[in-house]
Amino acid sequence: MGSTDVDIVVAGAGAAGLAAAISGADAGASVLLLEAQDTFRSGSNTAMSTSMIPAGGSRWQRKAGIEDSPDLLYGDIMAKTKGKADPVVARALADVSPRLVEWLADECGVPLELVTDFRYPGNSRQRHHCVPDRSGRTLLRHLLEAASSRSEITLVVPSRLTDVEEADGGLRATAARPDGSEDVILARSVILATNGFGANGEMVRRHIPEIANGLYHGGDGSRGDALLIGGRLGGDTSSLGAYQGHGSVASPHGVLLTWTTMMNGGLLVDSSGARFQNETIGYSESAVNVLAQPGGIAWAIFDRHVHKKAEPFADYQDLLGMDAVKWADDVNALAKIIGCDLEDLERTLDSARRAALGDEADHLGRTDWAHSIESPFAAVKVTGALFHTQGGLKVDKTGAVLRSGSPIPGLFAAGGAAVGISGDSSYGYVSGNGLLSALGLGFLAGSAAASRVGH
Ligand SMILES: Cc1cc2nc3c(=O)[nH]c(=O)nc-3n(C[C@H](O)[C@H](O)[C@H](O)COP(=O)(O)OP(=O)(O)OC[C@H]3O[C@@H](n4cnc5c(N)ncnc54)[C@H](O)[C@@H]3O)c2cc1C
């Protein structure tokens with residue numbers, strides 16, 4: 001390609017990069033979209049996700065009679081993070097959320113629907129929008145189709161952004177091909193959408209030691225490139241200890257067991273058959289709790305009713321295909337699957353049943369049971385995992401990267417590359433924070449970058 005002039009270089013073709021590229025292109029800018037991994041269509045975080053995108057006050061919610069608003073969404077984000085979410089970014093994302101999901105459906109052709117069969121922890125309203133098969137691969141495919149239908153966008157795969165320098169009239173981006181050749185591109189703006197540093201073991205150990213021994217269940221491409229590139233330009237960073245963990249990844253299959261199993265009455269027990277946490281506290285902060293159990297594993301237990309609730313998830317179908325969901329006709333058979341003492345397990349199930357029916361207070365403080373599970377029981381062996389990191393480059397409400405508090409001209413970050421809205425640890429992650437940060441900041445950064453070239 002040699003030396004090329006484009007309006008915007010976007011690095012990373014996940015949710016953040018594609019939203020940025022499409023919104024930049026629709027505002028009239030030319031966009032060069034670089035993607036480092038050949039495998040990104042199935043291997044990026046976006047592809048691995050369940051496509052849940054929260055919005056406060058969308059037309060789908062109105063149609064379903066659900067009263068919601070950006071203020072309520074913002075309030076939930078702040079409550080879950082105990083006030084530690086970046087208030088500027090959280091406000092911008094909550095405000096843009098209803099417009100974002102409508103833009104995804106109307107301008108990008110993403111077939112969104114509202115999830116009304118359960119509510120994720122930390123959300124006071126049913127507000128998750130997803131594609132029908134609840135698969136990130138499907139979401140990504142629709143975004144890629146939308147990008148490829150825009151002549152302003154050129155996608156180059158594989159090409160890895162390795163550096164950005166300030167140059168006269170813009171930014172000089174350097175990208176490497178697998179054969180070692182390099183492209184140097186002069187652009188008015190560069191949008192870093194390379195996700196976080198979950199796949200970079202050294203960075204995880206440095207910034208988030210508590211999850212360093214957990215399974216990493218995220219995209220291979222998340223090597224922390226944005227932090228390195230932005231850091232060289234003096235970009236501010238924030239909340240590097242924040243992450244999305246998950247307390248129910250099937251082991252050894254490495255496939256997500258949806259938390260809807262817990263929210264609908266499922267239990268988590270250790271290898272002795274004892275419960276160890278309130279299962280509705282949130283899947284992210286549950287990761288370290290599961291890892292703290294003997295062998296770093298636990299068993300998710302549920303029943304046919306819960307199984308029906310999980311069936312719409314593509315990941316759950318994968319688990320069924322792998323025979324990861326073990327069925328037991330009674331407690332005796334369940335104890336054999338888990339390898340624990342029958343009486344201990346009976347005690348656990350009896351006490352959970354009494355709490356679920358309101359006959360006694362739960363000793364772990366669970367109050368939201370939805371349903372008391374009954375035989376036959378299903379059991380899935382699970383472990384705790386790191387899905388993605390939520391800290392990153394500090395940005396303003398348009399995604400502009402800040403240096404000592406002021407924007408670096410032309411440099412933007414979105415998604416896992418930027419600071420998220422999950423506070424500074426695992427407990428602040430509310431389901432959907434990842435894709436909302438990716439799609440929302442991408443959408444905002446793309447149009448802000450286009451406006452720098454007068455479009
Ligand atoms: C199992 C699972 C389920 C999840 N479910 C949900 C959910 O339902 N809702 C939700 O909100 N969040 C969910 N998440 C989190 C969500 O997937 C991420 O927060 C989101 O996808 C991040 O988007 P992104 O565009 O920043 O990163 P990605 O989708 O990972 O895209 C980044 C891309 O950048 C590429 N790249 C990296 N470095 C470079 C470089 N230097 N140059 C060029 N390209 C580069 C990578 O190869 C990758 O393709 C889930 C995560 C997992 C693992």
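Here a visitor and a guide talk through a small sheet and the ligand shell of this predicted model.

Visitor: What makes β4 and β5 a strand pair?

Guide: Pairing asks for at least two bridges between the strands. Two bridges join β4 to β5 (residues 128-130), and the two run antiparallel, so they qualify as a pair. In this part of the model, Glu113 stands opposite Cys130 in β5.

Visitor: And why are β3 and β4 said to stand at the edges?

Guide: The open sheet has three strands in the order β3-β5-β4, with antiparallel pairing. β3 (53-54) and β4 (113-114) each have a single partner strand, so one side of each is left without a neighbour in the sheet.

Visitor: Over to the ligand, then. Why does the pair formed by Leu435 and the ligand count as a polar contact?

Guide: A polar contact needs a pair of N or O atoms within 3.5 Å. A backbone N or O atom of Leu435 lies 2.6 Å from an oxygen atom of the ligand, so the pair meets that cut-off. For Gly432, a backbone N or O atom is 3.1 Å from a ligand oxygen, and for Asn45 a polar backbone atom is 3.0 Å from one.

Visitor: How do you know how much of the ligand is covered?

Guide: Taken alone, the ligand exposes 1,000 Å², and the protein buries 98% of that.

Visitor: Which helix supplies the largest share of the shell?

Guide: That is α16, with four residues. Other elements that supply at least two residues each include α1 (15-26) and β7 (160-167). The shell divides into 14 nonpolar, 21 polar and three charged residues.

Methods:
Residues numbered from 1 in each chain as written. Predicted model: local features only at pLDDT ≥ 70, side-chain atom pairs only at ≥ 80, totals over all residues. Heavy atoms only, no water. Polar contact = N/O pair within 3.5 Å; in protein donor to acceptor, adjacent residues only side chain to side chain. Areas by Shrake-Rupley, 256 points an atom, 1.4 Å probe, with all protein chains shown as cover. Nonpolar A, V, L, I, M, F, W, Y, C, P; charged D, E, K, R; others polar.
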